[in-house]
Amino acid sequence: MGSTTKRLCDALLNADDIDSYFDNNADRIDIGVDLSEFLEEKLKESGLTRAELFARSSINPSYGYQLLSGLRSPARDTAIQLALGLALGVGALYPRDRRDSIILFAISNGFTLPQTNELLFSHSMNGLSK
C-alpha cells in the first residue's frame with residue numbers, strides 16, 4: 001500500500017463520517033478504479049511477473065493478458081483467483097475507490113449489513129449481497 005493510500009486508509013478509518021472523508025480527500029479519491037490499472041499496480045508491488053501471477057492464479061495466460069490490458073473483465077471467481085495470486089486476500093478493499101471506502105468505513109465503525117447497505121444506497125451505490 002503506497003504512502004498516499006495508507007494515509008487515505010488512516011483518514012478513512014479515523015473519519016467521523018463518510019461525507020467528511022470524501023470532502024476532505026476529493027482530489028485523491030477516484031470515482032471508480034480501473035481494474036486493469038489496479039492489477040498492474042499490485043503486480044508491480046508484488047514483484048511477480050505476469051506469467052508468475054497467471055500461474056499462481058491458475059488463469060490461462062491469454063485470458064490473463066486480456067484482463068491486464070482491460071480488454072476483458074473478470075468474473076467474480078476470477079477476481080478472487082487474482083487476489084489470491086497477488087496475496088491480497090479475498091477481502092482486499094481499496095480506499096481510493098468510493099464504494100470500497102464506504103465499506104471500509106462501515107466495517108471499522110461496526111456497522112451491520114443493513115446499516116452498511118443503507119450507507120451505500122445513500123451514496124447511490126449498490127448494496128452488498130447477504
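This passage walks through the overall fold of a predicted model and then the nonpolar cores inside it.

The protein chain is built from helices: there are eight of them, and zero strands. Followed along the sequence, the elements read α-α-α-α-α-α-α-α. The chain has 130 residues, of which 36% count as buried. On the outside, about 7800 Å² is exposed, and carbon and sulfur atoms supply 50% of that area. Contacts across the sequence help to complete this first view. Among those with a separation of 6 or more, 53% join residues 24 or more positions apart.

A good place to look next is the interior. The largest nonpolar core holds 14 residues, and the members with the most contacts inside it are Leu12, Ile18, Tyr21, Phe22, Ile102 and Phe105. Two or more residues each come from helix H1 (3-14), helix H2 (18-24), helix H7 (98-108) and helix H8 (113-122). Of these elements, H7 contributes the most to the core, with four residues.

Ile102 offers a handy viewpoint on this region, as one of the core residues with the most contacts inside it. With its neighbours within four places in sequence set aside, isoleucine 102 touches Ile18 and Phe22, and is also in contact with Leu119, Leu120, His123 and Met125.

The chain also has a second core, separate from the one just described, with 13 residues. Phe38, Leu39, Leu48 and Leu86 are among its members. For a reader finding the way around the model, the two cores, of 14 residues and 13 residues, are convenient landmarks to pick out in the structure.

Methods:
Residues numbered from 1 in each chain as written. Predicted model: local features only at pLDDT ≥ 70, side-chain atom pairs only at ≥ 80, totals over all residues. Heavy atoms only, no water. Buried < 20%, exposed > 50% of the residue type's maximum accessible area, 1.4 Å probe, protein only. Contact = heavy atoms within 4.5 Å. Areas by Shrake-Rupley, 256 points an atom, 1.4 Å probe, with all protein chains shown as cover. Core = buried A, V, L, I, M, F, W, Y, C linked by side-chain atoms within 4.5 Å.
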